[in-house]
Amino acid sequence: MSAGEPGAPGGERDREAEAGSPVSSSASEPEPEAPGRPEEDPGEGTALCLSGGGYRAMLFHVGALWRLNELGRLPRLTRVSSVSGGSITAAVLALGWDRLRFREGVALGFGDVVVRPVRDLAGHTIDVPSVLGGILSPSTVSERVAGTLRRRLYPGATLQDLPEEPRFVINATNLQSGSLWRFSRPYMADHRVGMVRAPAVDLATAVAASAAFPPLLSPVRLTVDPDAFEPRSAGPLATRAFTSEIVLSDGGVYDNLALETAWKRASTILVSDGGGQLEPQARIPSDWPRHALRVNGVIDHQVRNLRKRQLVAAFRRGDRTGTYWGIRTPIDRYLPLDGALPCPPEQTALLAAVPTRLKRLPSSVQEQLVNWGYAVCDAAVRRHLDPTAAAPAGFPYPGVGVG
């Protein structure tokens with residue numbers, strides 16, 4: 001069953017209309033088209049998309065991965081596409097892939113390899129110290145963020161330390177071209193600029209670029225040798241002005257669901273959405289900084305909703321199989337479902353409201369976010385993708401539930 005059938009997750013089936021999608025340009029590897037445009041041959045395989053959302057999303061995705069692992073679906077992934085907070089988790093999974101110790105499709109080392117380091121990071125605040133350090137020292141804010149990630153999660157690692165399979169794609173936004181910049185082991189690229197094969201870019205820098213939430217953590221400036229770009233991949237912006245320094249921001253600026261680089265590459269799409277939501281605000285500030293933040297929030301809100309509508313509409317049409325689960329999706333949207341874990345909406349709404357920050361979270365909140373990601377992923381997969389799968393025995397952290 002696909003999420004496009006009756007009972008599609010998130011309630012989009014009834015209240016969200018189908019929308020068109022932007023037309024993409026192409027380079028030597030065509031830019032994947034956005035959801036909503038049918039592909040003749042998307043290719044076999046399963047892509048997992050991990051959204052942005054700071055530490056909130058980072059931990060929510062850990063719970064989703066935990067359940068996907070129990071269901072034996074991790075080794076079946078052919079691509080993992082991520083932005084922002086999702087990229088922190090994805091890069092931990094990628095770097096530890098060869099140490100997961102799969103047995104009959106289940107990674108026995110998942111707790112040590114993925115859960116433990118991510119939760120350790122969630123116990124430390126990155127954003128404010130990085131901003132202050134960037135102001136008071138010669139290093140930039142983004143360099144401080146990358147330094148912390150390098151020290152705590154990815155010491156000495158580059159993109160060449162990612163596994164060949166599945167393909168991990170860490171997405172950032174190229175502020176110069178206005179397009180997506182993709183980091184992966186085989187290449188890094190922007191379809192309007194060009195492609196660099198086998199990049200030896202520091203993994204922490206790639207993740208910091210993907211998570212460079214504007215305005216405080218953005219931008220990340222990536223110095224590149226213009227001669228490293230593959231000549232045949234040259235796009236319309238393949239000039240030294242665009243190929244010697246790449247100015248990057250949070251991947252969620254362009255695509256907060258990380259769909260773009262997965263859509264054309266897999267016939268089954270799984271989307272884990274730990275992103276935030278724009279709340280109504282009666283009194284809008286007029287000062288430039290706060291007003292700009294509100295405008296940016298409206299833009300992000302519109303882009304996220306458009307992509308989600310296109311995704312669900314594509315499921316309904318049968319263009320792809322798969323499912324979507326979101327941190328704001330009440331679990332009763334997936335009912336009837338035997339063995340769904342108890343997740344009262346008033347409690348999960350509080351978890352969804354955790355600020356989009358790289359700020360230390362109490363241990364209990366960390367565990368609740370992991371539990372919620374685990375529970376709603378389980379419900380989405382068993383309701384719309386694998387109804388024969390056994391129900392979970394309980395939460396990963398049974399003592400705290402979801403609140």
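These legends describe close-up views of a predicted model.

**View 1. Strand β9 has one covered face and one uncovered face.**
Strand β9 covers residues 220-223. Val-220 and Leu-222 make up its covered face. Arg-221 and Thr-223 make up its uncovered face. In a regular strand the side chains alternate between the two faces of the sheet. Strand β10 spans residues 245-250. Four bridges join β9 to β10, and the two strands run antiparallel. Look for Arg-221: Val-247 of β10 stands opposite this residue.

**View 2. Ser-81 is buried and makes side-chain polar contacts.**
Ser-81 belongs to strand β2, residues 77-83. Its relative accessible area is 0%. Buried means under 20%, so Ser-81 qualifies. The side chain of Ser-81 makes a polar contact of 3.0 Å with the side chain of Asn-171. Another polar contact, of 2.7 Å, links the side chain of Ser-81 to that of Thr-261. Which other residues touch Ser-81, leaving aside neighbours within four places in sequence? Besides Asn-171 and Thr-261, the contacts are Leu-48, Cys-49, Leu-50, Val-169, Ala-258 and Ala-262.

**View 3. Ala-258 has a positive phi in a loop.**
Ala-258 appears among the contacts of Ser-81. Ala-258 sits in the loop between α9 (252-255) and β11 (268-273). Its phi is positive, about 60°, although Ala-258 is not a glycine. Is Ala-258 buried or exposed? Ala-258 is buried, with a relative accessible area of 0%.

**View 4. Arg-101 also has a positive phi.**
Arg-101 is found in the loop between α3 (85-95) and β3 (102-103). Its phi is about 55°. Arg-101 is not a glycine either.

**View 5. Helices α2 and α12 pack obliquely.**
Helix α2 runs over residues 54-70, and helix α12 over residues 363-384. Their axes lie 7 Å apart, at an angle of about 50°. Angles from 35 to 65 degrees count as oblique, so that is the word for this pair. The crossing of α2 past α12 is right-handed. Many residues meet here. From α2 they include Arg-56, Leu-59, Phe-60, Gly-63, Trp-66 and Arg-67. From α12 they include Gln-366, Leu-369, Trp-372, Gly-373, Tyr-374 and Val-376. An α-helix has 3.6 residues a turn, so residues three or four places apart point the same way.

**View 6. Helix α7 is largely enclosed by the rest of the structure.**
Helix α7 spans residues 203-210. How many of its eight residues are buried? Eight of the eight are, so α7 is largely enclosed. The buried residues are Leu-203, Ala-204, Thr-205, Ala-206, Val-207, Ala-208, Ala-209 and Ser-210.

**View 7. Helices α6 and α7 cross obliquely.**
Helix α6 covers residues 141-152. The axes of α6 and α7 come within 8 Å and cross at roughly 125°. The crossing is right-handed. Ser-142, Val-145, Ala-146, Leu-149 and Arg-150 are the α6 residues that meet α7. Their partners in α7 are Ala-204, Thr-205, Val-207 and Ala-208.

**View 8. Ala-204 is a buried residue of α7.**
Ala-204 has 0% relative accessibility and counts as buried. Not counting residues up to four places away in sequence, Ala-204 touches Ala-146, Leu-149, Arg-150 and Tyr-154. Gly-156 is 48 residues from Ala-204 in sequence. In space, the C-alpha atoms of Ala-204 and Gly-156 are 8.8 Å apart.

**View 9. Two cis peptide bonds involve Pro-215 and Pro-219.**
The peptide bond from Pro-214 to Pro-215 is cis, with omega near 0°. The bond from Ser-218 to Pro-219 is also cis, with omega near 5°. Pro-215 lies in the loop between α7 and β9. Pro-219 has its place in that loop too.

**View 10. Arg-167 is a partly exposed residue of strand β5.**
Strand β5 spans residues 167-174. Arg-167 has 22% relative accessibility. Not counting residues up to four places away in sequence, Arg-167 touches Thr-78, Arg-79, Val-80, Ser-184, Pro-186 and Tyr-187. Arg-167 and Ala-94 are 73 residues apart in sequence. Their C-alpha atoms are 8.9 Å apart in space.

Technical notes. Residues numbered from 1 in each chain as written. Predicted model: local features only at pLDDT ≥ 70, side-chain atom pairs only at ≥ 80, totals over all residues. Heavy atoms only, no water. Buried < 20%, exposed > 50% of the residue type's maximum accessible area, 1.4 Å probe, protein only. Pairing = 2+ DSSP bridges. Polar contact = N/O pair within 3.5 Å; in protein donor to acceptor, adjacent residues only side chain to side chain. Contact = heavy atoms within 4.5 Å. Axes fitted to C-alpha atoms, helices over the stretch in contact; angles between N-to-C directions. Parallel < 35°, antiparallel > 145°, perpendicular 65-115°, else oblique. Left-handed = near helix turned anticlockwise from the far one by under 90°.
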